[in-house]
Amino acid sequence: MDSQSKAIESAKKYLTTAASIAASAMLARTIVDEYLPYELRTIVSSGFDKLFGRFSSEHTIVIQETEGLTSNELYDASSTYLRTRISSNMRRLRASKNEEKNSITLSLDDGEELVDAFQGAEYKWRLISQQENQGGNRGGDFSSNSEVRWFELTFHKKYKDVTLDSYLPHILEKAKEIKAADRRLKLYMNEYECWSPIDLQHPATFETLAMEADLKKTILEDLARFVKRKEYYKKIGKAWKRGYLLFGPPGTGKSTLIAAMANYLRFDIYDLDLKEVRMNSALKRLLVGMTNKSLLVIEDIDCSVDLKNRDEDMENEGNNKSHDDEISLSGLLNFIDGLWSTSGEERIIVFTTNYKEKLDPALLRPGRMDMHVNMGYCGPNSFRILVSTYHAIDEHPKFEEIEGLLKEVEATPAEVAEQLMRSDDVDVALEGLIQLLHGKRDEGQGNKGNREYDKDEKLVVVENKEEGLESSAEDLETEKLIVGAVNC
Ligand SMILES: Nc1ncnc2c1ncn2[C@@H]1O[C@H](COP(=O)(O)OP(=O)(O)OP(=O)(O)O)[C@@H](O)[C@H]1O
Ligand SMILES: [Mg+2]
């Protein structure tokens, strides 16, 4: 026998011995698992693990629910993450539901194994729990049993680095995303200087929002880009915020768009009523009290407070003390710029108005609001979205007539939606809508002025020049005009 064959022979022998040790270990573990009582089982099991662990090519990481008195973030994240990895071939699961959620949550049950894969590695997860006696058994009265829980994560030794450097951080990141998506959104409203929250249950989504497709796409892309730009805002040293000015007649969907934005981004809404806030100092407290990932909304900015006149008053009266702390437009915008650049991340501010022309030009200056969105009357595209939402149809013999009328007549999406909701019978609803549009036409509302579907009214979105670039007089010229629906 040459030396190579000898080496192979001895390696085989070693492997056979190792395999039989492993087999014995498995057999022994099965006996332990099946026949020993629970308390004894865990003690004996841990002995086996110590004895045979050295022969194993696997590593096990123990992730305890608590470390001392503090909860373990990694345990919490693993538990959240594993809920999304439950597979149909698992035999035992836990099911739960709490008031906050609409659906049932499935999770791993004690002892059940879950297999996950990541970057070519296989991970075996097991949840283990054990009753622990606390406070001793003095007289039996004061002892209490509490449950300790931990995950055991087992993987091949060669994936140790991948696990620590990538897999566990991946779990922390994923859990954060899952929680954000699961969280109930809040709508905060201010009473004087305090925010009080209620659940935000507005069902609006971009899908059901009646708006011309290009404009919708532009807004969606802008939002998606904004949330990805943490590093960019850090680099340029600016507050991570974005401003939208929504303008258009009542019932064109300004508030609906705000709700759709919040639902899309999973941001809370802070609906600021400026009439409740008289002083800059109070406003500052409110703005500081906002959480990250939120939308600050100031509706009807043109009439909520006479901001412009107050600015002028202050200038005229010099340093008049009584006006010093009163809210002004410049105060509002400066606070937002200043405070949010030092505290807070991912903030969106939305102003709405029915009358853009009444606004202080300071607010319309480039750099103040990043996007000006013209919420127009209902055109054929918006009508199609509404009818598909309310009656789940995308064709009907009456569409042609309605679309023709919508090109002539000013009807808001709210008016159209109201007609569509009047009957479950689509024929009846569409007939009602035709009557409404005929009525409007006969009343002489033929000429559409302010609407996104008018080729002459090209301004739909004004996207200001990218933040962070040198601001100069040139900025005024380089505003980018994005033309919305011109397909009618
Ligand atoms: N663009 C739209 N897409 C879908 N539904 C809309 C749209 N516009 C209006 N609606 C419907 O009309 C109702 C009123 O619209 P909304 O409150 O969003 O209008 P608004 O522009 O905020 O009006 P206001 O200027 O009076 O505040 C909404 O609840 C929604 O049902
Ligand atoms: Mg509104």
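A residue counts as buried here if 20 or more other C-beta atoms lie within 10 Å of its own, and as exposed if 12 or fewer do, with partly exposed in between. Keep that cut-off at hand for these exercises, and remember that the model is predicted.

**Exercise 1. Find the buried residues of helix 8 and say how they are arranged around its axis.**

Start with the span: helix 8 covers residues 280–288, and its L283, L286 and L287 are buried. Next, look down the axis. These residues cover an arc of only 95°, which puts them on the same side of helix 8. The spacing fits a general rule: an α-helix has 3.6 residues a turn, so residues three or four places apart point the same way.

**Exercise 2. Classify F226 as buried, exposed or partly exposed, and place it in the fold.**

First locate the residue: F226 belongs to helix 5, residues 213–227. Then count its neighbours. F226 has 18 other C-beta atoms within 10 Å. Being buried takes 20 or more and being exposed takes 12 or fewer, so F226 is partly exposed. Finally, check a partner far along the chain: I348 is 122 residues away from F226 in sequence, yet their C-alpha atoms are separated by 9.4 Å.

**Exercise 3. Describe the largest nonpolar core and work out where it lies relative to the domains.**

Begin with its members. The core holds 57 residues, and those touching the most other members are L246, I258, I269, Y270, L295, V297 and V350. Helix 7 gives the largest share, six residues. Now bring in the domains: domain 3 (187–376 + 455–483) and domain 4 (380–442) both contribute residues, so this core lies between them.

Zoom in on V297. Leaving out residues up to four places away in sequence, V297 touches I258, I269, Y270, D271, L272 and V350. There is also a second, separate core of seven residues, with L108, W125, L127 and F151 among them.

**Exercise 4. Characterise the shell around ligand 1 and explain its position.**

Take the closest residues to begin with: of the 15 around ligand 1, A210, P250, G253, P413 and A414 come nearest. Sort the shell by class and you get eight nonpolar, six polar and one charged residues. Then ask which helices take part: helix 7 (254–265) and helix 16 (413–421) each supply at least two residues. Last, domain 3 and domain 4 both give residues to the shell, so ligand 1 lies between them.

Note on methods
Residues are numbered from 1 along each chain as its sequence is written. Chains are lettered from A and ligands numbered from 1 in the order in which they are written. This is a predicted model: local features need pLDDT of at least 70, side-chain atom pairs count only at pLDDT 80 or more; totals for chains, interfaces and linings use all residues. A residue is near a molecule or strand if its C-beta atom, placed from the backbone, lies within 6 Å of it. Helices (H or I, at least four residues) and strands (E, at least two) are DSSP runs, numbered from the N terminus. Ala, Val, Leu, Ile, Met, Phe, Trp, Tyr, Cys and Pro count as nonpolar, Asp, Glu, Lys and Arg as charged, and the others, Gly among them, as polar. Domain bounds come from an automatic or database domain assignment. The arc is that of the directions from the helix axis to the C-beta atoms. A nonpolar core is a set of buried Ala, Val, Leu, Ile, Met, Phe, Trp, Tyr and Cys residues joined through C-beta atoms within 7 Å. Two residues are in contact if their C-beta atoms, placed from the backbone, lie within 7 Å.
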